[in-house]
Amino acid sequence: MGRPIGIDLGTTYSAVSMLGEDGTPTILPNREGGRITPSVVYFQDDGSVLVGEMAKRSAAVNPLDTVEWVKRHMGNPDWRFEAPNGVVHTPESVSALILKRLKEDAELYLGDGAVRDVVITVPAYFDDAKRRATKDAGRIAGLNVLRVLNEPTAAALAFGAEKERDGTFLVFDLGGGTFDVTVMNIRNGVLDVMGTDGLHELGGKDWDDRVMIWLNREFQAAGGPDLMATFEDEAMLRDRSETAKRTLSQALTTKVPLSAGGVTRTLSLTRDTFEEITSDLLNQARDMTISLVEELGLGWSHVDQILLVGGSTRMPAVPRMLEVVAGRKPQVAGNPDEVVSLGAALQAGLEAPGRDDTPPLVVKDVTSQGLGVIALDADTGQERNFTIIPRNTKIPAKRSEGFSTVVDGQTEINIRVTQGDDDDPTYVKLIGTQTIEIPPYPKGAPIGVEYAYDIDQIVFISVYDYSAQTLITSFEVTNDANLSADDIDDAHDDNRNTEVN
Ligand code: AMP
């Protein structure tokens with residue numbers, strides 16, 4: 001039986017680590033000797049798949065048979081990919097192929113038995129559906145997912161364990177597809193997450209997109225065809241753009257050779273231009289970071305260290321921006337591509353079955369999303385979203401709210417579970433509904449709704465009949481309960497409503 005491993009299942013790259021005998025986590029190289037593996041799957045006509053570096057290379061030639069950035073689709077019940085052999089894939093099944101490959105590579109490297117127990121990291125901002133999808137992907141890959149761990153927590157775990165330092169840390173994590181900012185406090189062996197926020201559609205890919213648009217415009221101005229017109233040219237352009245972006249982290253200017261439709265041009269892109277055409281992207285991350293620190297009632301003088309995580313923090317504009325905002329230089333938390341995986345391995349060591357010694361760090365995490373229920377507001381007669389567990393509540397968390405029936409003889413209530421912080425039901429995400437039968441009480445019969453977030457931030461709901469002092473039902477919000485806008489309309493039926501007085 002192998003030891004548990006930690007997996008950073010990234011948008012663009014994944015990394016695998018394990019604790020050594022001395023308790024230090026190390027990266028397990030993949031079969032090509034690489035320390036990180038592209039999270040790319042190439043589906044071949046005969047039904048076989050390539051994952052990793054080979055798949056990434058194939059993406060440039062066979063973009064339609066390749067899946068990249070699948071992490072951005074996790075938890076989306078509508079996303080499907082049809083492989084050339086007709087097999088239809090979900091985000092979970094594609095992610096499972098990546099995980100399976102990582103598992104096999106780890107087994108190959110370790111050569112000492114099957115890898116089964118894993119900790120997989122997710123962005124702190126991942127909601128319930130995305131976390132479940134990640135767990136399911138692990139199960140499909142034949143893994144036992146001990147825990148889904150927040151990426152910034154993993155990063156801080158790696159940093160805290162390395163340096164054994166107490167203090168308040170801000171983890172600024174800008175990866176390939178997501179951005180997270182998290183503030184945490186490490187004191188006397190307890191890692192206390194104070195707050196987190198993020199944009200799960202902001203990452204290195206967006207910087208690549210800007211370079212693509214710029215290069216394409218310049219190429220056309222120099223007499224070339226539109227490089228976005230064919231998938232092949234677009235894939236080539238994407239590849240060159242990412243390389244140009246990476247080069248500009250080292251150099252002040254880069255030359256990009258482009259060739260299409262018989263036209264070959266070499267374009268020059270400077271770091272200044274690159275920073276200019278992407279400044280609004282960095283500003284989004286900056287503004288969110290400033291807001292979080294303010295929201296937590298902290299001044300920048302209270303933040304002892306700023307840790308940089310994620311490959312995109314290698315762009316020089318990132319540490320420069322943070323230095324301006326915070327008045328101090330941020331720290332590079334080891335290798336920004338590897339640190340999350342190393343933290344996952346540390347957590348995997350803590351979670352290992354049969355382990356009974358005291359863990360070196362206790363992690364107290366918070367909810368990254370508010371959780372609520374839609375009910376009638378007795379004051380206005382309008383439907384409102386009532387937050388039951390606010391964002392940034394310590395987990396595991398359990399909170400309840402009292403509601404009442406709205407008509408005499410009401411026999412059903414419809415529980416509409418929401419994610420988000422707004423009072424207005426239009427601005428929150430409906431993550432599940434459940435219709436529950438109740439005895440026909442007069443209007444105003446009290447109903448209790450209790451929400452619980454477990455340690456993996458998965459949501460459990462219990463509904464109580466306070467008249468009979470009984471638990472009516474408990475349920476989990478499952479992936480199947482991910483609803484579309486039509487479901488939301490269907491759920492608006494007054495005779496099944498409840499209200500808050
Ligand atoms: P991660 O998922 O954390 O490994 O981050 C991957 C992202 O980091 C991708 O968008 C890469 O293009 C980006 N990245 C990696 N190295 C560099 C670099 N030297 N300069 C700029 N971006 C980079």
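The automatic or database domain assignment divides the chain into domain 1 (5-163 + 336-358), domain 2 (204-277) and domain 3 (371-476). Taken over C-alpha atoms, the centres of domain 2 and domain 3 are 51 Å apart. Please keep in mind that this is a predicted model, where local features need pLDDT of at least 70, side-chain atom pairs count only at pLDDT 80 or more, and totals for chains, interfaces and linings use all residues. Residues are numbered from 1 along each chain as its sequence is written, and side-chain values use heavy atoms, with hydrogens and water left out.

Let's start with strand S1 (residues 5-9). Helices (H or I, at least four residues) and strands (E, at least two) are DSSP runs, numbered from the N terminus. Buried here means under 20% relative accessible area, with a 1.4 Å probe and protein chains only. Since 5 of the 5 residues of S1 are buried, the strand is largely enclosed by the rest of the structure. Ile5, Ile7 and Leu9 lie on one side, Gly6 and Asp8 on the other, and both faces are covered.

S1 has pairing partners too; two strands pair if DSSP finds at least two bridges between them. S1 and S2 form a hairpin with 3 residues between them. The table sets out these pairings beside one from another part of the chain.

| Strands | Sense | Bridges | Opposite residues |
|---|---|---|---|
| S1 and S10 (residues 117-122) | parallel | 4 bridges | Ile5 and Val118 |
| S1 and S2 (residues 13-19) | antiparallel | 5 bridges | Asp8 and Ala15 |
| S12 (residues 167-174) and S13 (residues 179-187) | antiparallel | 8 bridges | Gly167 and Ile186 |

S12 and S13 belong to an open sheet of 6 strands with mixed pairing, in the order S18-S17-S12-S13-S14-S19. Its edge strands, S18 (331-332) and S19 (362-364), each pair on one side only. Helix H9 (residues 317-326) packs on this sheet, touching S12 and S17 (305-309), and its direction makes about 160° with that of S17. Contact means heavy atoms within 4.5 Å.

Now for a pair of helices. H1 (residues 53-61) and H6 (residues 231-247) pack at an angle of about 130°, with their axes 6 Å apart. Axes are lines fitted to C-alpha atoms, for helices over the stretch in contact, and angles run from 0 to 180 degrees between N-to-C directions. H1 and H6 are therefore oblique to each other: angles under 35 degrees count as roughly parallel, over 145 as roughly antiparallel, 65 to 115 as roughly perpendicular and the rest as oblique. Lys56, Ala59, Ala60 and Val61 of H1 meet Glu232, Ala235 and Glu242 of H6.

Definitions and conventions. Buried means under 20% relative accessible area, exposed over 50%, partly exposed in between (1.4 Å probe, protein chains only).
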